[in-house]
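Trainee: Mind walking me through this one? I'd like to hear the reasoning behind the labels.

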Amino acid sequence: MAKLEVLTYPNPILREVSEPVKEFTPAIKKLAEDMLETMYDSNGIGLAAVQVGELKRMLVLDTRPKDPEGDEDLSELERKIKQPLVLINPEIVKGEGKTTYEEGCLSVPSFFETVERFDVIEVKAQDVNGKEIRFKADGLLAICIQHEMDHLEGTLFIDHISFTKSNKIKNTIKKSGYPTKEELAEKKRLAARDARSKEPAR
Ligand SMILES: [Zn+2]
């Protein structure tokens, strides 16, 4: 396996529409393995092939809690699905309800925004061998699948938020790039201080 480079916004490749996978070759299996390694190494829970520069309709996901005790947070549907998941040529055949989640993305590191998605989805896809799979998902897995599927159309989570917020983030990244680790630590420290100062006085 090999760790691949994750492209970040504003790389123009991220705006391209990915092509369907027609042949399930050993190269596709290798790409799926490399994508999984890249995702785990970056502490991600999902990755689309376009994020590593491959314009193929292909996703890898693993939304299971890292901490074994976190299993309690899994929904009944989530427990039924074996992860990690490799989804090729995925389609949402049905979407129901609405849910929101504070999303982030390996291609837009250090930014998080609340995005609205379907609550429950029915997915049709193929596995690495080309075999059709169909399942229903909810919870974090459903949110993550919808986020990753957006990448296949060249859409990023920051396209789903308000125009003003979206532009602010895009302009910040274009102007000053992504914050360094030190800058992020400082931001966290200040946020924690602000939160403390807002606590009611006793
Ligand atoms: Zn993403």
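**One helix, then the strands**

Mentor: Sure, and keep in mind that this is a predicted model. Start with helix H1, whose buried residues are Ile28, Leu31, Ala32, Met35, Thr38 and Met39.

Trainee: What makes those residues of H1 "buried"?

Mentor: A residue gets that word if 20 or more other C-beta atoms lie within 10 Å of its own. Ile28, Leu31, Ala32, Met35, Thr38 and Met39 are the ones in H1 that count as buried.

Trainee: How do you know which side of H1 they are on?

Mentor: They cover an arc of only 130 degrees around the axis, so they sit on the same side of H1. Pro26 and Asp41 are exposed on the other side. As for what covers the buried residues, that includes strands S1 (46–48), S2 (58–61) and S3.

Trainee: Why is the span of H1 called close to the expected one?

Mentor: H1 (residues 26–41) has 16 residues, and its first and last C-alpha are 22 Å apart, against an expected 22 Å at 1.5 Å a residue.

Trainee: On to the strands. Why do S3 and S4 count as paired?

Mentor: Pairing needs at least two bridges, and S3 (residues 85–103) and S4 (residues 113–126) have twelve, running antiparallel. One bridge partner pair is glutamate 102 with threonine 114 in S4.

Trainee: What makes S4 and S5 a pair?

Mentor: The cut-off is at least two bridges, and S4 and S5 (residues 132–137) have six, in the antiparallel sense. Isoleucine 121 stands opposite alanine 137 in S5. The two strands form a hairpin with five residues between them, and glycine 130 in the turn has a positive phi of about 90 degrees.

Key: Residues are numbered from 1 along each chain as its sequence is written. This is a predicted model: local features need pLDDT of at least 70, side-chain atom pairs count only at pLDDT 80 or more; totals for chains, interfaces and linings use all residues. Helices (H or I, at least four residues) and strands (E, at least two) are DSSP runs, numbered from the N terminus. The expected span of a helix is 1.5 Å times one less than its number of residues. A residue is buried if 20 or more other C-beta atoms lie within 10 Å of its own, exposed if 12 or fewer, and partly exposed in between; C-beta atoms are placed from the backbone. The arc is that of the directions from the helix axis to the C-beta atoms. Two residues are in contact if their C-beta atoms, placed from the backbone, lie within 7 Å.
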